Amino acid sequence: MKKFKRHLVTSALPYANGPVHIGHLAGVYIPSDIYTRYLRLKGEDVIHVCGTDEHGVPITIKAKQEGVTPQDIVDKYHKIIGDSFKGLGISFDIFSRTTTPTHYQTASDFFKKLHQEGKFVEQTSEQYYDEEAKQFLADRYIMGTCPHCGNDRAYGDQCEKCGTSLSSTDLIEPKSMISGSKPVMRETKHWYLPLDQYQKDLEKWILTDHKEWKSNVYGQCKSWFDLGLQPRAVSRDLDWGIPVPVEGAEGKVLYVWFDAPIGYISTTKDLTPEWEKYWKSDECKMVHFIGKDNIVFHCIVFPSMLMADGSYILPENVPANEFLNLEGDKISTSRNWAVWLHEYLEEFPGKEDVLRYVLCANAPETKDNDFTWKDFQTRNNSELVAIFGNFVNRALVLTQKYFDNKVPSAGELTDFDKETLAEMPKIKKAVEDYIEGYRFRDALKEAMNLARLGNKYLADTEPWKVAKTDMERVGTILNVALQITANLAIAFEPFLPFSTEKLLKMINADEFGWEKLGDTALLPVGHELGKPELLFEKIEDSVIDAQLKKLEDTKLANALKEYKAEPQKDEAQFDDFMKMDIRVGTIKAAEKVAKTKKLLRLTVDTGIDTRTIVSGIAEHFEPEQLVGQQACFLVNLAPREIKGITSNGMILMAQDADGKLRLVQPNEAVKAGSQVG
C-alpha cells in the first residue's frame, strides 16, 4: 500500500436551503470527522475541508416562497449549518461557502481554461420556457403529475413520492412554479462536458485500479458505464449563480453540479497558500466522503472535470454511505420528517457524543438503516452508561477510596492481568484496520470492546472484596484498570471527542498520541488523578416520549397540509337518498366489546326505540366520552351480527385529514328521533 505524505479529506457540501439532519450526519459528516481525527492523532499532515453549496434552483425557489433574496437564504442556512457542525464537534479545518470571491474566481477560471482548450461542446436543445415570466425553466421550476405513481406534485427532475428520477418532459400536465402557466418548448444554447470522451480512462481508474472501493460505489459507476456516458450540460438559464465567463452567455450561469465540487478547491485555497500540494501532488491522498446520491458526481462527473484540466490528482477513495431512515420512514426535508441537528443540540445539551455514538453504531454503511428514539435510548443506557461509563467510574472511584486518588503501583502481574493487557494492542490493530478501511461501525465496536474488557476485568478480579485481605493486590488491579481507562481516552477520541476530553480531565492527563494506544504504563505510579464524574447519564422514558410526540405532531401536520378530499362518488338519485332514515339519537351507554380492539357497543335512544349499535370506533373514543352525546344514526340499515352482537343501525362519523374520527352531531341539543334530511 502506497504511503502518502499528506491527506486531503473532503465532506460533501451541504445544500444551503435548510438545516442539517441526522441522515446527513450518519452518511457523511460523522464518518469523515472520525477519519480526520484519527489521522491527526497519528500525527499525519491532513486537512479537512467543507462548506455550503449555495447556488441552484431550490435556493431561488425558497427565496421566492419566503419573499427574500437567494443571498438571504444562503446566509441564514450557512450560519445554522456551520454552528451546528461546530456544536457537534465536526472538526473541519475550514468551513467555507460557494459564494466567496475566491470561489467565483476559481470556478470561472476553471471553466475558462477548459473552454479555451476546446474541452466543451456547444449544443442547442429545447427547454421549457415560461412565457408569462419570460424565462427558461430549470427542472425544479416545473411541476406536474408523475407518470409512474400519479403524484400531482412531482418535480421536473424527480418525484419525491415514489423516488423516480424524471425529465421535465416526462411530466403529465406540466406547469410553471413561477407563474402557474403551462410552459412551452423553446430552443436554448448551452455548453456540455463530453463525459463519453473520458469513459475509457474512468473505467480503468475505477473498475481496474480501485476494486477495493465500496460495492455501492463500484456498482453504481459500472451501471453508468454500461449505459454509456453522455455529454452533460455545464451551464443553464438562471439568474442565480456564477455567470458563464464567455461572450454571448448573458443570462446563463454555471450549472451547480459543475460549480459545487470546485468548491473543494476554492475552500482549500482560502485555507492555505500551499493548496496545490494537496490538489496537484501524487504525494497527497484525497478522500471524498459522500452519500450514495452523490456517487455519480464525485466518481464520474468531477473526475472528468479534473481529467479535462489535466493538472489535478484524482481521489484515492470515495466512501459513500446509504441512507438513514427515521422511525421506519424516509427522511424528508419537505415533510419536516427529520431530527435536525440544531434542534437536537438545544434539546440535548451535553449529549453531543450520544448522537455521534448512535449514528456511528447504526451507520448505513452497506444498506439503508433506521434511526429510532428507542434504540437511541437503549444504546445510551446499555452501552455508554452501563459499559463505558460504568467501568471508568468504578476504576476512578475505587482508586480515590483506597489510594487517595493516586495511581497505585503494580505488583506482580497474574496470568489474567497479562492476558487482559495483551488484548489492548490487538484492539488497537483492529480499530486501525477498520478506520483505514472506512468501516467505522466495526471500528467503534472494537473501541467499545476495550471498555468491555475493562468491565470484565473488574468484575472478575473484584477489588472491593480483595481489599479486605490484600491491599497490594488491589493496587495491581487498579493500576491495570487505570491503564485501560487511559487507553480508552485514545481509542474513543475520533468517535467521542467531548467525552474523551472529559475523561482526560478526570485522569488529569494531556491528550496522548495514537501510537500510545496499547501502552500499559500511560499513567505513572503516584500520578494524581482528577475528580471522578459520571461520563454519561441515563436518558429517561419521558425524554424519549417527548421526541416521539414531536414526530407524531409532524406526521399530523403533514397529513393536514397534504389533505385532499376524496373524489365525488357516482351520481345518486333523489329517491335513493330518501330511502335512508337518518335521525339524531342520544347515546345512553357505551362499552368495549370483549376481545376486540376496535369495537364499541352503544346503547342508543333513537326516539323510536332504544337499540344496540356496534361500531368500530374504540381507537378514537373512550366509552365514557360518548355517554350523553347526541349523534346522527342511520336507523333503517339492515341488522348485522358483529362478534355475536346484533347491531341495528350505524353511527355517522366524519374522518378528518389526520385520520381521526369526529361525531356528526347537531350544534345544539334536539329531541331524540329528529330526522336529518
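So, helix H5 passes helix H6 in a left-handed crossing, and I'll start there. This is a predicted model, by the way, so please hear everything that follows in that light. H5 covers residues 199-208 and H6 covers residues 215-227. Their axes are 11 Å apart, and the packing angle is about 155°. That angle makes H5 roughly antiparallel to H6, because anything over 145 degrees counts that way.

Who is touching whom here? From H5 we have Gln199, Leu202, Glu203, Ile206 and Leu207, and they meet Tyr218, Cys221, Lys222 and Phe225 of H6. Sorted by class, this contact has six nonpolar residues, one polar and two charged. If you like helical wheels, remember that an α-helix has 3.6 residues a turn, so residues three or four places apart point the same way. Have a look at the spacing of Leu202 and Ile206 in H5, or of Tyr218, Cys221 and Phe225 in H6, with that in mind.

Let me set a second helix pair beside that one. Helix H12, residues 352-361, packs on helix H13, residues 373-403, with the axes 10 Å apart and an angle of about 105°. H12 and H13 are therefore roughly perpendicular to each other. On the H12 side the contact uses Val354, Leu355, Tyr357, Val358 and Ala361, and on the H13 side Asp375, Phe376, Arg379, Asn380, Glu383 and Leu384. The class count for H12 with H13 is seven nonpolar, one polar and three charged.

One more helix before we get to the sheets. H2 spans residues 57-66, and its buried residues are Val57, Ile59, Thr60, Ile61 and Ala63. What covers them? Helix H3, residues 70-87, and strand E11, residues 235-237, are included in that cover. After H2 comes Gly67, and its phi is positive, near 70°.

Now the sheets, beginning with an open one of four strands in the order E5-E4-E9-E10, paired antiparallel. Strands E5 (135-136) and E10 (232-233) each have a single partner, so one side of each is left without a neighbour in the sheet. In the middle, E4 (residues 121-130) and E9 (residues 184-193) run antiparallel and are joined by nine bridges. If you want one pair to click on, Ser125 has Thr188 in E9 as its bridge partner. Helix H10, residues 295-309, lies across E9 and E10 and runs at about 60° to E9.

There is also an open sheet of three strands, again antiparallel, in the order E7-E6-E8. Its edge strands are E7 (154-155) and E8 (172-176), each pairing on one side only. E6, residues 142-145, pairs with E8 over three bridges, and Thr145 stands opposite Ile172 in E8.

In the loop between E7 and E8 you'll find Ser168. Is Ser168 buried or exposed? It counts as buried, because its relative accessibility is 9% and the cut-off is under 20%. Leaving out residues up to four places away in sequence, Ser168 touches Tyr128, Asp139, Ile142 and Gly156.

For a contrast, take Glu562, in helix H19, residues 541-562. With 49% relative accessibility, Glu562 counts as partly exposed. Glu562 is 450 residues from Lys112 in sequence, and their C-alpha atoms are 46 Å apart in space.

Two covered strands to finish. Strand E2, residues 45-52, has seven of its eight residues buried, so it is largely enclosed by the rest of the structure. Strand E1, residues 6-11, runs parallel to E2 and is joined to it by five bridges, with Leu8 opposite Ile47.

Then there is E21, residues 630-634, where five of five residues are buried. How does that look on the two faces? In a regular strand the side chains alternate between the two faces of the sheet. In E21, Gln630, Cys632 and Leu634 are on one side, Ala631 and Phe633 are on the other, and all are buried.

E21 also has partners to show you. Strand E18, residues 582-592, runs antiparallel to E21 with five bridges, and Val584 has Cys632 as its bridge partner. Strand E24, residues 650-651, is antiparallel to E21 too, with two bridges, and there Leu634 stands opposite Met650. Thanks, everyone, and I'm happy to go back to any of these.

Note on methods:
Residues numbered from 1 in each chain as written. Predicted model: local features only at pLDDT ≥ 70, side-chain atom pairs only at ≥ 80, totals over all residues. Heavy atoms only, no water. Axes fitted to C-alpha atoms, helices over the stretch in contact; angles between N-to-C directions. Parallel < 35°, antiparallel > 145°, perpendicular 65-115°, else oblique. Left-handed = near helix turned anticlockwise from the far one by under 90°. Contact = heavy atoms within 4.5 Å. Nonpolar A, V, L, I, M, F, W, Y, C, P; charged D, E, K, R; others polar. Pairing = 2+ DSSP bridges. Buried < 20%, exposed > 50% of the residue type's maximum accessible area, 1.4 Å probe, protein only.
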